[in-house]
Amino acid sequence: METYLRMADLPYQNYFDGKLSPQGKMPWIEYNHKKVSGTEFIIDFLEEKLGVNLNKNLGPRERAVSRAVTKMVEEHFYWTLAYCQWVENLHETQKMISVYGPLSDLLKWILCHLTKGIVKREMYGHGIGRFSEEEMYTLMEKDMRTLASLLGDKKYIMGPNLSTVDATVFGHLAQAMWTLPGTRPERLIKGELINLAMYCERIRRKFWPEWHHDDDNTLYESEESSDTSKTHSPLQDFSFYSRTETFDEEGNSISHTPDTDYTGHSLFDSDVDMDDYRDHEQCK
């Protein structure tokens, strides 16, 4: 949802106090005291209320394909990722959670195991959790290969222009790319399906210039830093975001990311910077 807001250039404040939507789910937003929950309904609401439309360049057939891919990702791929994150890879997930205080380790352990139980129960109710682990991973790989085939050598899922489906696909693939170290989906996306990794990196550079992770497999350093002296840019506050603030005076995206992944494939697409420049000129 945040990636969509950034793609649509809608300033927002990310404030979450633990409350879920009336349906007990996320995401949900509040706009002028009106609460809207569910990604699809939120996007419909914003399109009607604010006149934004990331799908304006899509024809009827392309919109149908976009919706089909969105539902595959949200209703199918999501669950296999959840299994990998909260069941099979729970130990690594526990390390990523930030809980402070003298009982932080215990609280993280309790939180993770409670979530594990919830995920397994929800997956069983969904139906996908009734399969074996190997069968679930087979389904996950089929979804990822489908996305890789659909993307091909295009810049975005539906072609040269961004559309709503890109926010959905990136939001899910980013988990495999950056939060599941050593797992099958990470090895797949950074190996055989490298076009998906390049796709994720393009979107991260363009819409999340402040985002880096100290435990990432790649290094985030300034161009001037040497191999013996790496300098990491500080993680900025995510509480408020406006895309017009992510450009410097020269119109360049403020980002410190590497040009290649560990396989030597280029993750940089020169047209990203050109798009940023054109967007900045339009803002002027």
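**Salt bridges and helix H6: a short presentation**

Good morning. By the rule applied here, the count of salt bridges comes to 13. I should say at once that the model before us is predicted.

Let me begin with the chain in general. The protein has 284 residues, and 43% of them count as buried. Its secondary structure comes to ten helices and four strands. Read from the N terminus on, the elements run α-β-β-β-α-α-α-α-α-α-α-α-β-α. Among contacts between residues at least 6 apart in sequence, 68% join residues at least 24 apart. The accessible surface comes to about 16,100 Å², and carbon and sulfur atoms account for 53% of that surface.

I turn now to helix H6, which covers residues 133-151. Helix H6 has 19 residues and reaches 27 Å from its first C-alpha to its last, close to the 27 Å expected at 1.5 Å a residue. Which residues of H6 are buried? They are Met 136, Tyr 137, Met 140, Asp 143, Met 144, Leu 147, Ala 148 and Leu 151. These buried residues lie on the same side of H6, because they cover an arc of only 135° around the axis. On the other side of H6, Lys 142 and Ser 149 are exposed. What do the buried residues of H6 pack against? Their partners are helix H3 (60-88), helix H5 (104-126), helix H7 (164-178), H8 and H9. After H6 comes Gly 152, with a positive phi, near 55°.

Helix H6 also brings us back to the salt bridges. Side chains of opposite charge can pair when their charged atoms come close. In H6, the side chains of Arg 145 and Glu 141 meet in a salt bridge, at 3.8 Å from N to O. How far apart in the helix are Arg 145 and Glu 141? They are four residues apart, and therefore separated by about one helical turn. An α-helix has 3.6 residues a turn, so residues three or four places apart point the same way. Are these two residues buried, partly exposed or exposed? Arg 145 is partly exposed, with a relative accessible area of 30%, and Glu 141 is partly exposed as well, at 23%.

Arg 145 has another partner. Glu 192 forms a salt bridge with Arg 145, and the closest N and O atoms are 2.5 Å apart. This pair links distant parts of the chain: Glu 192 sits in the loop between helix H8 (184-189) and helix H9 (194-207), whereas Arg 145 is in helix H6, 47 residues apart. Glu 192 counts as exposed, with a relative accessibility of 55%.

My last pair is in helix H9. There, Arg 204 forms a salt bridge with Glu 201, with the closest N and O atoms 3.2 Å apart. Arg 204 and Glu 201 are three residues apart in H9, which means that about one helical turn separates them. Is this pair buried or exposed? Since buried means under 20% relative accessible area, Arg 204 counts as buried at 1%, and Glu 201 is buried at 2%.

Finally, I come to how salt bridges connect. Those that share partners join Glu 134, Glu 141, Arg 145, Arg 184 and Glu 192 into one network. Arg 145 is thus paired with Glu 141 and with Glu 192. Thank you for your attention.

Technical notes. Residues numbered from 1 in each chain as written. Predicted model: local features only at pLDDT ≥ 70, side-chain atom pairs only at ≥ 80, totals over all residues. Heavy atoms only, no water. Salt bridge = Lys/Arg side-chain N within 4 Å of Asp/Glu carboxyl O. Helix = DSSP H or I, 4+ residues; strand = E, 2+ residues; numbered from the N terminus. Buried < 20%, exposed > 50% of the residue type's maximum accessible area, 1.4 Å probe, protein only. Expected span 1.5 Å × (residues − 1). Arc of directions from axis to C-beta. Contact = heavy atoms within 4.5 Å. Areas by Shrake-Rupley, 256 points an atom, 1.4 Å probe, with all protein chains shown as cover.
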